[in-house]
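Please find below some notes for a colleague, set out as numbered points. They concern salt bridges, one helix position and two backbone angles.

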Amino acid sequence: MSETKEQKQKAWLRACLRNMLAPSLGLGIAYLGWPLAVNGDICGPRNPLPTDNASLVALALFIACLAVLQKRTRETRLMQSRVAPVVGALVQVVSLAALGGFHLANACTEASRTVLGALLTVSTGFMLTHWLGRARELSMPAATVYVFTALGISAVLLFVDSFLPPGLSALACSALMVAQIPLQAKSAKMTVDNIPALPCDDYYSLMHSVSTDRKFLVTFAAGLCMIVLVSGFLDTFPDDQSRPLGLVGNLIACVLALCICMGIVVSAVRRQSRVMTVGIWVIMELLAAFALVLYNAFPDDLWIGAAVSRALSIVMVGAVFHFTISLMSSGWRQPLYYACASWVIWFGARDVGRLMLAVLPVGGNSHLTGAVVSLLLLVSTQITLVKLIDLGRDAARNLGDNAPTPAAMPNAFERFLGLDEELHANDEKDAVKRQAKRVGEQFLLSDREVEVLALYAMGHTQKRVAEELFISPTTAHTHITRIYAKTDLHSRQELLDYMSEYASE
């Protein structure tokens, strides 16, 4: 007797709970570094832009990382190394503990705030890349559960941490971040073998070609730029000054964020249509509008609007994380590149919003500022939702015609996002194919296994390999498993090293 739909969903959820708990906890703990670094309350009140050097330094470092990775097509040894995430976690611990120590010793300076804040931000970005990279082989519903479970955990931890004064808060969180090291070993079970794909009727299910992938991801990225810009306004409305939320404000932010995160998880498990496309945008737009109303309704108690804005930031981070996993799964570059592109969008758009509050005339007039935020909110809603509707119509038409529209040459924004596979040098592709053919001759691989090896060595995920060869993800996984068995190699990096050393011309 075949399983019912409900039984399959329950079995899938049990698999998620068994295998995702450790990595979700690790991702949630890693994220703590950003609110503590960005809010700037540890080492005194945060400076307004453009004098907030830590934020600008971190943004510059992410941009520099993008520039370096633009020339590299294969995954770096840094991301493959087992030592790298341990070092990244320790840098988080040391920088956050140092900020807390300086605060307790009343020895905070602008230099220490800048250096340690930027170091904490960049190391947190690296650790988030590590944890998000573990989900790039998962289905989109599984990635949704992973991300929003982690953010629900973060919301609770941030609320508990808010009871401590800033210095002790930093020390407590730095001690908690050490837990990422043992959690890395326990998170190895989060694989496509242990968490099977759950069919999805979201727009993600229409991403069947390079053209559709690119249009969807570009639409999502443009929408993120706009909504993050609005969030930059709302975080410190109307004068770019951070405000303590207090017990009640932190409780409101925690409960609101937790309810939304768990609602999104339940929707993903139940395969609710458009939960991570139209649904997530409606949620973020409503939170932004609600925060703006509260700011203007209670001008003498701005912490009320700030509490809702804090919940918006948490949900928005979930959208950014999910978008990052989508880029990693669909793109051809190494995961670190896509993560840095997401962080540049996140920090860049947010800092632009803060900068407009700090240096433009709107910063001194809350009514005018509110009107500007409302306009940006309206524009972001219209652009994003209309683009998603058009994308869904085009993708459905292509599926009906059984003839996907050929992808046009990527523009500058698509190249920035790493969606420029057409511009990937043909000679490099040919070199990888020749190397894969030589490995096939050495280890008696089948013709199909050679094709899979070539695509896998180019950085494609198993999902992308399956799409390129018009086979199922399970078949692609079987081919990769056989390649490992025949070559006696055990990771993508070992395959790359062998191809570079023994199969080159």
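1. The model is predicted, and the points below should be read with that in mind. Counting a side-chain nitrogen of Lys or Arg within 4 Å of a carboxyl oxygen of Asp or Glu, one arrives at 2 salt bridges.

2. One salt bridge joins Arg-448 to Glu-451, with 3.0 Å between the closest N and O atoms. Both residues belong to helix 18, which covers residues 447-457, and they sit 3 residues apart, or about one turn of the helix. Arg-448 is partly exposed, at a relative accessible area of 31%, and Glu-451 is likewise partly exposed, at 39%.

3. The other salt bridge pairs Lys-486 with Glu-449, whose closest N and O atoms are 2.9 Å apart. Because Lys-486 lies in helix 20 (residues 473-487) while Glu-449 lies in helix 18, this pair ties together parts that are 37 residues apart in sequence. As for the surroundings of the two partners, Lys-486 is partly exposed, with a relative accessible area of 38%, whereas Glu-449 has a relative accessibility of 3% and therefore counts as buried, the cut-off for that term being under 20%.

4. Turning to another part of the chain, Leu-120 is located in helix 6, which comprises residues 110-133, and is buried, with a relative accessible area of 0%. Leaving aside residues up to four places away in sequence, Leu-120 touches Gly-33, Ala-37, Gln-92, Ser-95, Leu-96 and Leu-99. With Ser-95, which is 25 residues away along the chain, the C-alpha to C-alpha separation is 5.7 Å.

5. Which residues deserve a look for their backbone angles? Asn-106 has a phi near 55 degrees, a positive value in a residue other than glycine, and Asp-488, also not a glycine, has a positive phi of about 60 degrees. As background, most residues other than glycine have a negative phi.

6. Where do these two residues lie, and are they buried or exposed? Asn-106 is found in the loop between helix 5 (83-104) and helix 6, and with a relative accessible area of 73% Asn-106 is exposed. Asp-488 occupies the loop between helix 20 and helix 21 (492-502), and Asp-488 is exposed as well, at a relative accessible area of 54%.

Key: Residues numbered from 1 in each chain as written. Predicted model: local features only at pLDDT ≥ 70, side-chain atom pairs only at ≥ 80, totals over all residues. Heavy atoms only, no water. Helix = DSSP H or I, 4+ residues; strand = E, 2+ residues; numbered from the N terminus. Buried < 20%, exposed > 50% of the residue type's maximum accessible area, 1.4 Å probe, protein only. Contact = heavy atoms within 4.5 Å.
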